[in-house]
Amino acid sequence: MEGIFAIWQRDLTKFFRDRARLIGSFSMPILFLLIFGGGMSGSMETMMAGNMPEGAEGFNYVEFVFPGIVAMTLLMTSIFSAMSVIEDKDFGYMKEILVSPISRVSIAIGKMLGAATIATIQGVLLFLLIPFLGLSYSITALLQVIPFMFLLGCALSGLGLLFASLIRSTQGFQLTVQILVMPMIFLSGALFPVSNMPAWMDVIVKINPVTYGVDVMKKLMIEVENIPAAVSEAMGLNITILGQEVTMFAEVLFIAGFAAVLVLFATFSFQRANA
């Protein structure tokens with residue numbers, strides 16, 4: 001446990017000392033909020049209104065997209081935080097901890113928890129924008145979604161750790177992750193509903209872990225149980241696999257299992273690493 005805590009604490013300390021990283025990490029989510037929440041909200045609301053029943057004209061696209069932007073922040077922060085593994089290799093720190101008594105599992109878990117904590121902090125800081133966007137999520141909903149944000153951050157940072165343990169250069173890591181991240185964002189339902197997709201694209205949506213993370217966050221924050229079922233379906237919040245609707249509990253279990261598997265893969269990769 002001491003090894004896990006030391007690695008977690010080191011990553012958090014590095015994050016809070018790097019003010020440029022702290023401030024710059026908000027540029028992408030704010031840009032997406034301005035483009036999709038401000039510039040395209042009218043067009044998206046008009047487009048989605050055609051799929052909604054009568055009496056559902058009050059749909060707020062900004063309210064729909066905000067949880068997706070938070071999930072996007074978790075994704076990008078969690079994965080890119082894993083780049084510190086490559087930097088640690090370059091500076092020799094990784095070699096020191098690999099030859100120390102700290103187990104490879106502790107190294108992977110410590111890195112994962114550090115990245116997930118940083119991602120959750122950045123996601124929660126985005127909540128400060130809620131009053132300025134004219135949104136009205138309940139305090140209860142926001143408190144409920146924070147633990148899940150941390151779980152999702154763990155799963156996504158595990159994916160980043162796996163890539164970081166396999167790739168030797170920061171340039172290669174950035175290029176590989178950028179190719180991976182953008183499809184995961186756009187095919188997750190974060191920015192628009194992913195219902196009625198072509199069959200081949202629907203398969204990608206269903207195997208994308210971010211899809212289930214976004215779905216849980218939207219269901220919690222929008223409080224989907226209080227809106228008509230037809231509106232929920234038009235918003236793409238009724239994910240089905242083989243004709244069966246996926247429950248929120250199943251989605252949470254999937255994310256937890258995904259995180260556990262990725263930590264195991266990252267641990268195995270660390271064991272083979274020549275830092």
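Half of the story here is burial: of the 275 residues of the protein, 50% count as buried. The model is a predicted one. Its secondary structure comprises 14 helices and two strands. Among contacts between residues at least 6 apart in sequence, 81% join residues at least 24 apart.

The buried nonpolar residues can be taken next. The largest nonpolar core has 67 residues, and the members that touch the most other members are F66, L75, F127, F173, L191, M217 and M221. Two or more residues of this core come from each of α3 (27-39), α5 (61-81), α6 (84-91), α8 (104-125), α9 (139-166), α10, α12 and α14. The element that gives the most is α5, with 13 residues. A second core, separate from this one, has five residues, including L187, V194, M197 and V205.

F127 shows what such a core member touches. Not counting residues up to four places away in sequence, F127 touches F66, V70, L142, V145, I146, M149 and M221. Of these, F66 and M221 are themselves listed with F127 among the core residues that touch the most other members.

Helix α10 covers residues 170-186, and its geometry can be checked against its length. At 1.5 Å a residue, its 17 residues should span 24 Å, and the end C-alpha atoms are 24 Å apart, so the two values agree. The buried residues of α10 are F173, V177, V181, M184 and I185. An α-helix has 3.6 residues a turn, so residues three or four places apart point the same way.

The charged side chains come next. Side chains of opposite charge can pair when their charged atoms come close. With the cut-off at 4 Å between a side-chain nitrogen of Lys or Arg and a carboxyl oxygen of Asp or Glu, the count comes to four salt bridges. One of them joins D202 and K206, with the closest N and O atoms 3.2 Å apart. D202 and K206 are four residues apart in helix α11 (residues 199-207), and therefore about one helical turn separates them. D202 has a relative accessible area of 24%, which means that this residue is partly exposed, as buried requires under 20%.

K219 takes part in a salt bridge with D215, where the closest N and O atoms are 2.9 Å apart. Here too the partners are four residues apart, this time in helix α12, so they are separated by about one helical turn. K219 and D215 are both buried. K219 also meets E251 in a salt bridge, at 4.0 Å from N to O. Because K219 lies in helix α12 and E251 in helix α14 (residues 248-272), this pair ties together parts that are 32 residues apart in sequence. Both of these residues, K219 and E251, are buried. Through shared partners, the salt bridges join D215, K219 and E251 into one network.

K219 also appears in the surroundings of V224. V224 lies in the loop between α12 (209-222) and α13 (229-234). Its relative accessibility is 16%, so V224 counts as buried. Leaving aside neighbours within four places in sequence, V224 is in contact with K219, S232 and L237. V224 and L237 are 13 residues apart in sequence, and their C-alpha atoms are 8.2 Å apart in space.

Aromatic rings complete the picture. A pair of aromatic rings is described by the distance of the centres and the angle of the planes. The count comes to four aromatic pairs. One of them is formed by F5 and W8, which are tilted, with 5.5 Å centre to centre and 35° between the planes. F5 and W8 both lie in helix α1 (residues 2-17), three residues apart, or about one turn of the helix. F5, with a relative accessible area of 46%, is partly exposed. W8 is also partly exposed, at 26%. Elsewhere, Y212, F254 and F258 form one aromatic cluster. A charged side chain is also found over a ring: K218 lies over the face of F64, at 3.3 Å from the ring centre.

Terms used:
Residues are numbered from 1 along each chain as its sequence is written. This is a predicted model: local features need pLDDT of at least 70, side-chain atom pairs count only at pLDDT 80 or more; totals for chains, interfaces and linings use all residues. Side-chain values use heavy atoms; hydrogens and water are left out. Buried means under 20% relative accessible area, exposed over 50%, partly exposed in between (1.4 Å probe, protein chains only). Contact means heavy atoms within 4.5 Å. The expected span of a helix is 1.5 Å times one less than its number of residues. Rings of Phe, Tyr and Trp (its six-membered ring) pair if their centres lie within 6.5 Å; planes under 30 degrees apart count as stacked, over 60 as edge-to-face and the rest as tilted. A charge sits over a ring if NZ of Lys or CZ of Arg is within 6 Å of the ring centre and within 35 degrees of the ring normal. A nonpolar core is a set of buried Ala, Val, Leu, Ile, Met, Phe, Trp, Tyr and Cys residues joined through side-chain atoms within 4.5 Å.
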